[in-house]
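Here are some exercises to work through with the model open beside you. Try each task before you read its solution.

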Number of protein chains: 2
Amino acid sequence: MIYLDQAATSYPKPTEVSEAICASLLQAGNSGRGGHHLSLEASRLVFDARWEIAEFLGAEDASCIVFTANATESLNLALFGLLNPGDHVITTELEHNSVLRPLYNLEDRGVEVTILPADRQGCIDVSRESLTNHLRANTRALVCTHASNVTGNMVDIASVGEFCKEHNLIFIVDAAQTAGYYSYDLKNTPVDILCFTGHKSLWGPQGIGGIYVKPGVVVRPLKVGGSGIQTFSRTHPGQMPEALEAGTLNIPGIAGLLAGIRYLRSLGLDKVRHVEGELCRYFYRGVSKLVGVEVYGDFRAPLRCPIVSLNVLALPSNLVSQRLADDYSIYTRSGGHCAPLMHRALGTDAMGAVRFSFSHKNSREELDTALRALAEISGDLL
Amino acid sequence: MIYLDQAATSYPKPTEVSEAICASLLQAGNSGRGGHHLSLEASRLVFDARWEIAEFLGAEDASCIVFTANATESLNLALFGLLNPGDHVITTELEHNSVLRPLYNLEDRGVEVTILPADRQGCIDVSRESLTNHLRANTRALVCTHASNVTGNMVDIASVGEFCKEHNLIFIVDAAQTAGYYSYDLKNTPVDILCFTGHKSLWGPQGIGGIYVKPGVVVRPLKVGGSGIQTFSRTHPGQMPEALEAGTLNIPGIAGLLAGIRYLRSLGLDKVRHVEGELCRYFYRGVSKLVGVEVYGDFRAPLRCPIVSLNVLALPSNLVSQRLADDYSIYTRSGGHCAPLMHRALGTDAMGAVRFSFSHKNSREELDTALRALAEISGDLL
């Protein structure tokens, strides 16, 4: 098996992750729900993970980190928890449905939404001039992905963040593809909210994610209920991070995510990014030479995630993906990648695209096999 | 260690649960997010779990079962997704903050809330007469726990459900303490919504739960976003169960929950309930003989969960729990158990209570040790 679907979920997970999950099942009870050893062990684990994620992302402190089920929950929490009828929000055509659908929902409730268009390469103009043109008196927030999950092209969040800061906009970043790839330094970056998932580049299990909330930014909770503290208060606790967490936490997931981050840090994030960037460029150079293969995105851009999406002649992407899987045991992801506006911008809304995504666990040999397979599939039809 | 905090989270988890989680990390990708083997394996696992939970609960079919993070999320989803300003909802003083806090929140938005009072034994009057007295023209739903997490006393959901059906009320049941203990036959019971968690009597890991929605009941989603299907639709898919799930599912959690349920079914639910009931009665008989120990709840009631909450003289419950843990390695749960109105009804809002909760993995020998410990602690103060 050659797994080139790392942007859907990273694979294979490090053995440390499985071990940490099993250990948590043996050693940890329910955090914040008792004073005995097992409960305290769970609380300690949660605190350690929060602290280490905060450190990894360069956050101000552990209380800025809230655990969620996935990036989708984080984005729903941020968008529904910050925007009110009458507000205007700016977003982009790069976005995943986890941003677009909450925004469409909010639009129905009186939130105004502006969507910055992507060009045929899937790039958006986030220059000061462009952003200024879209400002309104009631513009309250800007939400965008840090990297397209279709093309891998990244958005310069430092410059967009500066613009937001100048105009007093809340800046919400979807880091589903970038947490565990990009070196964040959040306390020195004008990002108010960062939404991430644990099961992609952070190497944790599916089902655990998080949200960073800059100190001072107040988000309404999506869920309220038991918190293990302030039982006799009518309202859910207001202090972070408890304010945005309700019910029993995903202790095994948190243990697995912590192990994933420790694994990543032991390798060195810069080194991992370098290896993944090299693999991505190698594959891109290879596919660029293939007649009948069209690649999407801007590969001259300096900021990129290790993703190459392409189509072979006029073949529907799902047929190509299926053939790669069936005939070559090469696993990719076809279709629309939950990014409908991006595919419309690329002109691929009918056929989708075949997405190859890489991690440092992949090898050049695997990519050579994939390149030969693509040559054969495209050659068949010449 | 003697673990008598099973109502907080069951412990120790069966080895099958750890094994299933590790296997899912090795064998499963991201469900519904690709056509290759790993993704399909994840989809199959999710379907199997949905199907088997539906069968276990006696639900109509697998599409009635939606995965959530915990019972709290399920309850928030149900309450925020069903109630509108102007509606009236009936609930009880038995409820956990996962019911009360969403309702207080909804009250601020114009939902009318009636809370049925509990007596000094923590029991509520759910007779036809009592319920009829609280009906209003705008009464839309009744939400109640199936069993108090403080006293263990259960509510007769069949009769309450019949009343709801007659008066066209949506009946929402909090099964946090009962799923995996009570034998549900949902397709033949007038329950519209059942909210459950995986990590208690179902023996799964923390971080996975679910909600049963009777066919025909339409709940607004709490989160929208990527669903792996209908990418080009502006709205989140409307069909169940996808309608109420967004983002990457907790595949390891679902695998663990499925293993937990299979473990439970292999033992036989009736047998497990019998063993747990026997242990609970044994412990109750023991503590009833201790001078200076006050036990809460109605132990003559036929329907009970294996929970015994008590206080020792006038000692704050946390001190007793701490002493049990420190001096005897007996793990219990003290305080308010996120059930503030119940503790007020019992007169224990100041001191809380020490909760002992049992599973079939506990033994009479363990309970004897706990009884001796309580005798010593209460004797010290005589």
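**Exercise 1. A loop residue**

In which loop of chain A does A:Leu313 lie?

Solution. A:Leu313 sits in the loop between strand S10 (307-312) and H9 of chain A; helices (H or I, at least four residues) and strands (E, at least two) are DSSP runs, numbered from the N terminus. Next, look at the backbone: phi of A:Leu313 is near 50°, a positive value in a residue other than glycine.

Before going on, keep in mind that this is a predicted model, in which local features need pLDDT of at least 70 and side-chain atom pairs count only at pLDDT 80 or more, while totals for chains, interfaces and linings use all residues. Residues are numbered from 1 along each chain as its sequence is written, chains are lettered from A and ligands numbered from 1 in the order in which they are written, and side-chain values use heavy atoms, with hydrogens and water left out.

**Exercise 2. Cis peptide bonds**

Find the loops of chain B that hold B:Pro12 and B:Pro241, and check the peptide bond before each proline.

Solution. Start with B:Pro12, which lies in the loop between strand S1 (2-3) and helix H1 (15-27) of chain B. The bond joining B:Tyr11 and B:Pro12 is cis, with omega about -5°. Then move to B:Pro241, in the loop between strand S8 (209-213) and helix H7 (251-267) of chain B. The peptide bond from B:Met240 to B:Pro241 is cis, and its omega is near 0°.

**Exercise 3. The interface**

Describe how chain A and chain B meet, from the area down to a residue pair.

Solution. First, the area: about 5,700 Å² is buried between chain A and chain B, and carbon and sulfur atoms give 58% of that. Buried area is the accessible area (1.4 Å probe) that two parts lose on being put together, summed over both. Second, the residues: 72 from chain A and 72 from chain B take part in the contact, meaning heavy atoms within 4.5 Å.

Third, the pairs: the interface of chain A and chain B has 4 salt bridges, where a salt bridge is a side-chain nitrogen of Lys or Arg within 4 Å of a carboxyl oxygen of Asp or Glu. B:Arg234 and A:Glu107 form a salt bridge, with their closest N and O atoms 3.2 Å apart.

**Exercise 4. A salt bridge within chain A**

What does the pair A:Glu55 and A:Arg265 tie together?

Solution. Over all chains, the search finds 40 salt bridges. A:Glu55 and A:Arg265 form a salt bridge, the closest N and O atoms being 3.0 Å apart. Because A:Glu55 lies in helix H2 and A:Arg265 in helix H7 of chain A, the pair ties together parts that are 210 residues apart in sequence.

**Exercise 5. Empty space**

Locate the largest pocket and the largest cavity.

Solution. Take the terms first. On a 1 Å grid over the protein atoms alone, a cavity is a set of points where a 1.4 Å probe fits but cannot get out, and a pocket is an open set with protein on both sides within 12 Å along at least five of seven lines; lining residues have an atom within 4 Å of a point. Grid points are joined across faces, edges and corners, and a volume is the space filled by probe spheres set on the points.

The largest pocket holds about 790 Å³ of space. Of its 25 lining residues, those closest to the centre are A:Phe80, A:Arg109, B:Phe80, B:Arg109 and B:Leu222. H3(B) gives the most to this lining, with 3 residues.

The largest cavity has a volume of about 390 Å³. Of the 33 residues lining the largest cavity, A:Ala69, A:Glu73, A:Lys223, B:Ala69 and B:Glu73 are closest to its centre.
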